[in-house]
Amino acid sequence: MTASPSTRSLRLGTRPSPMAMEQTDRFAHAFRTRYPHVPLDIVTITSEGDQHRGPLAQIGGKGAFTRRADEHLLNGSVAATIACAKDLPGPHDRKPGISTGAVLPREDVRDALVLPAGHPPATLASLPPRTRVGTSAPRRAALLKALHPKLIAVPIRGNADSRLRDLDSGVLGADVMIAALAGLRRLNLADRAAEIFDPTVWLPASGAGIVVIEHRTDDHATGNVLAPLTHSATRILLNAERATLAALHGNCLTAASAYATLNPAADFVTVHAVVLDPEGGTPIRTTTTGHADYPDAVGQLAAQQLLDAGAAHLLGARP
Ligand SMILES: NCc1[nH]cc(CCC(=O)O)c1CC(=O)O
């Protein structure tokens, strides 16, 4: 069968949160520019993660954000779904039959400190001991323990925009919080970043700042429509980061991260990877460079170096 973008329409599922809708609008713009005559139908799919207010681990961790979208994709009610790469569970925690069709250009990868409105300027290093820092990601909680042991990580829930509102009105249960700069930008709230962390020290989540569009692996027509919208440098970075985490058998509850960069000529990819100790012990880090044609091999090598350095016992550790 030949894919004929001029005659098909694309039915795309998205989460309804303000951040998700902003990234969907940006994809829609790129799609309509490339395929002005292909109708794009946007369908909102509310995830269990959007509805549930308690700890994410109770409803299966990160998968809570993608399970319903995956169901809609696999039962054919949508042809594609859009998501933040960092919210997708790793390959070991996902149903087979779904492929990444388009990888959009990476935005800022860095995490930032957010203070409640009216708070005097501060950095993590300047905050008083026992300040409660809101974050639910195991990676951020473990980074905080390792780098700022006097501060206390407390779990928070809700969409990015509601977290900020709750922080400002004092009902978040945290004194300050950590957020991704890319997410703040999508909400037009980048001015709320009080301190932006160095991504080679405070490693961002694997896939941070990357939006992907997925389709059923056997739906080649949709795959062919999506492929030209891929930013190839970003796909290299995503593949390297995913390969690292996959080789560590990490999941969304693992405090590990891989952050890849390309040199200016884009022929070499460097993976900065870390496995953190949920108890706050010294993280195990590595940096590996290899040819950008083989991002999976570079990621696998980085993972092997971490395992050789003794990361396995940390990967099994639970706080
Ligand atoms: N976990 C929620 C989530 N998923 C993607 C982003 C930000 C945008 C991105 O990194 O792609 C955020 C917000 C945050 O972590 O503060």
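## Ligand shell, domains and core of a predicted model

The ligand is surrounded by Cys84, Lys86, Asp87, Ala160, Ala179, Ala180, Ala182, Gly183, Ala208 and Gly209, where a residue is near a molecule if its C-beta atom, placed from the backbone, lies within 6 Å of it. Strand E8 (176-180) and helix H6 (181-186) are the elements that give two or more residues to this shell. Helices (H or I, at least four residues) and strands (E, at least two) are DSSP runs, numbered from the N terminus. By class, the shell around the ligand holds 6 nonpolar, 2 polar and 2 charged residues. Here Ala, Val, Leu, Ile, Met, Phe, Trp, Tyr, Cys and Pro count as nonpolar, Asp, Glu, Lys and Arg as charged, and the others, Gly among them, as polar.

This is a predicted model, in which local features need pLDDT of at least 70, side-chain atom pairs count only at pLDDT 80 or more, and totals for chains, interfaces and linings use all residues. Residues are numbered from 1 along each chain as its sequence is written. The mean pLDDT of the protein is 91, with 92% of its residues at 70 or more; pLDDT is the predictor's confidence in each residue, from 0 to 100. For the complex, the predictor gives an ipTM of 0.96 and a pTM of 0.93.

The domain assignment lists domain 1 (1-105 + 209-230), domain 2 (111-196) and domain 3 (231-319); such bounds come from an automatic or database domain assignment. The ligand lies between domain 1 and domain 2, because both give residues to its shell. The C-alpha centres of domain 2 and domain 3 are 25 Å apart. In all, 7 residues of domain 2 are in contact with 9 residues of domain 3, contact meaning C-beta atoms, placed from the backbone, within 7 Å. The side of domain 2 that touches domain 3 has 5 nonpolar, no polar and 2 charged residues.

The largest nonpolar core has 84 residues, of which Val114, Met177 and Val275 touch the most other members. Such a core is a set of buried Ala, Val, Leu, Ile, Met, Phe, Trp, Tyr and Cys residues joined through C-beta atoms within 7 Å. A residue is buried if 20 or more other C-beta atoms lie within 10 Å of its own, exposed if 12 or fewer, and partly exposed in between, with C-beta atoms placed from the backbone.

Two residues other than glycine have a positive phi:

| Residue | Phi | Loop | C-beta neighbours within 10 Å |
|---|---|---|---|
| Asn188 | near 65 degrees | between H6 and strand E9 (193-196) | 10, exposed |
| Ala266 | near 60 degrees | between strand E11 (256-262) and strand E12 (268-275) | 11, exposed |

Note on methods: Two residues are in contact if their C-beta atoms, placed from the backbone, lie within 7 Å.
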